Amino acid sequence: IPTIIAGFNVVANHIGLILFPLGLDLLIWFGPQLKLEKLLKPIYSNAIQTLIAYNNAEMRQLLEASQTEMELILSRINLTSSLSTFPIGIPSLLSGQGITETPLGAPTIYEIPSFGLIFLLTIILIFSGLILGSLYLSAIAHSTNPEKEKLDPTSIIKKMIKGVGLSILLVIILVVLVMPVLFIISLFSLFSPALSQILLIISTFILIWLLIPLIFSPHGVFARNMGIFQSILHSIKVVRSYLPGTGMFLLAAILLSQGLDLLWIAAPSNSWLTLVGIIGHAFIYTALIAASFIYYQRSCEWTQELLERIKNIKKL
């Protein structure tokens, strides 16, 4: 709790930090929307209709339900939201919300005409999001650093490069872990949908258990200027050393952020009250990220003190 409060105090004293998520949400809200619906919807509909023709009644119902859900997802896709990247990036409230109306009227919509252009725009937007996210985390790390070192452009560029590399590596790790699990679950779903749901729940808990030790990997890069692999190993060490406290901190942060998101997104997109939600979301998420940097720094200090005590005991 003191760490979370400290994170809120940091953002209150450096309110400019919220301009990153605030600016991104304003761009998604009022900016042009890059849509894929007209290109992908006919292809997906034809594929579903072909599958329906060659399956039994039970599978037909599942396919028809999935078609309705997929059409809803396709209508909400806006490539501009790709600027909100993961795991290193700027948090966004409106990403994936499917904005059809704003207080200034209907948004400008551009339908992407080809798959080649989709691929090119996606790559450009993702790398732009990673670069902006690296700047965002660098600014937060500098604001939470008790030593208050001077900003060095060369150091920031190096951190940005390492941040992009770390994001790519973490995504690869996630894909390597998730793809075999999804393949196995999809096989079981052909024989028993109920069993596949149980396997999905179990595998989700296992994946969370495996991925939580990596949660502080970006912090080593941006707060301590570590290398990519060094920051990953250090994150695993920090989480294992302070697992109960880390678990409580992450649980409190998730409950606070996700709970308040229900409030921030309550207003319709054509109401100016959405602006209040965007500002609140930007402040809360930036404060929680700042709190995570403070928690990480204090964990490193506690670890160093513990190692020094062990050394002193060995000398005695």
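A cavity, in the sense used here, is a set of grid points where a 1.4 Å probe fits but cannot get out, and a residue counts as lining it if one of its atoms lies within 4 Å of a point. With that in hand, let us walk through this predicted model, starting from its enclosed space. The structure holds 1 cavity of 30 Å³ or more, and about 50 Å³ of space lies in the largest cavity. Its lining is drawn from several stretches of the sequence: Ile-28, Gln-33 and Lys-35 take part, as do Arg-76, Asn-78 and Ser-81, together with Leu-94, Gly-96, Gln-97, Gly-98 and Ile-99. Sorted by class, these lining residues comprise 3 nonpolar, 6 polar and 2 charged ones.

Now step back to the chain as a whole. The protein chain has 11 helices and 2 strands, and from the N terminus on the elements run α-α-β-α-α-β-α-α-α-α-α-α-α. If you follow the C-alpha trace along its principal axes, you will find that it spans about 80 × 50 × 35 Å. Of the 316 residues, 38% are buried. Among contacts with a separation of 6 or more, 81% are between residues 24 or more positions apart.

The aromatic rings give some good examples of such links. There are 9 aromatic pairs in the model. One of them joins Phe-20 and Tyr-136, whose ring centres are 5.4 Å apart with 50° between the planes, a tilted arrangement. This pair links distant parts of the chain, since Phe-20 sits in helix α2 (residues 19-30) and Tyr-136 in helix α5 (residues 115-144), 116 residues apart. The two partners differ in their surroundings: Phe-20 is partly exposed, at a relative accessible area of 26%, whereas Tyr-136 is buried, at 0%.

Helix α2 also supplies a ring to another pair, that of Phe-30 and Trp-272; here the centres are 5.9 Å apart and the planes meet at 40°, so this pair is tilted too. Because Phe-30 belongs to helix α2 and Trp-272 to the loop between α10 (243-264) and α11, the pair ties together parts that are 242 residues apart in sequence. Phe-30 is partly exposed at 29% relative accessibility, and Trp-272 is partly exposed as well, with a value of 48%.

Stay for a moment in that loop between α10 and α11, where you will also find Ser-271. Ser-271 has a relative accessible area of 18%; the cut-off for buried is under 20%, so Ser-271 counts as buried. Leaving aside neighbours within four places in sequence, Ser-271 is in contact with Trp-29 and Pro-103.

Moving on into helix α11 (residues 273-315), we come to another serine, Ser-292. Ser-292 is buried, with a relative accessible area of 9%. What does its side chain meet? A polar contact of 2.8 Å joins the side chains of Ser-292 and His-219. Beyond residues up to four places away in sequence, Ser-292 touches Phe-216 and Phe-249 as well as His-219. Those two phenylalanines bring us back to the aromatic rings: ring pairs link Phe-216 and Phe-249 with Tyr-295, Tyr-296 and Trp-302 into a cluster. Ser-292 therefore touches two members of this aromatic cluster while being buried itself.

How values were computed: Residues are numbered from 1 along each chain as its sequence is written. This is a predicted model: local features need pLDDT of at least 70, side-chain atom pairs count only at pLDDT 80 or more; totals for chains, interfaces and linings use all residues. Side-chain values use heavy atoms; hydrogens and water are left out. On a 1 Å grid over the protein atoms alone, a cavity is a set of points where a 1.4 Å probe fits but cannot get out, and a pocket is an open set with protein on both sides within 12 Å along at least five of seven lines; lining residues have an atom within 4 Å of a point. Grid points are joined across faces, edges and corners, and a volume is the space filled by probe spheres set on the points. Ala, Val, Leu, Ile, Met, Phe, Trp, Tyr, Cys and Pro count as nonpolar, Asp, Glu, Lys and Arg as charged, and the others, Gly among them, as polar. Helices (H or I, at least four residues) and strands (E, at least two) are DSSP runs, numbered from the N terminus. Buried means under 20% relative accessible area, exposed over 50%, partly exposed in between (1.4 Å probe, protein chains only). A polar contact is a pair of N or O atoms within 3.5 Å; within protein, one must be able to donate a hydrogen and the other to accept it, and residues adjacent in sequence count only if both atoms are side-chain atoms. Contact means heavy atoms within 4.5 Å. Rings of Phe, Tyr and Trp (its six-membered ring) pair if their centres lie within 6.5 Å; planes under 30 degrees apart count as stacked, over 60 as edge-to-face and the rest as tilted.
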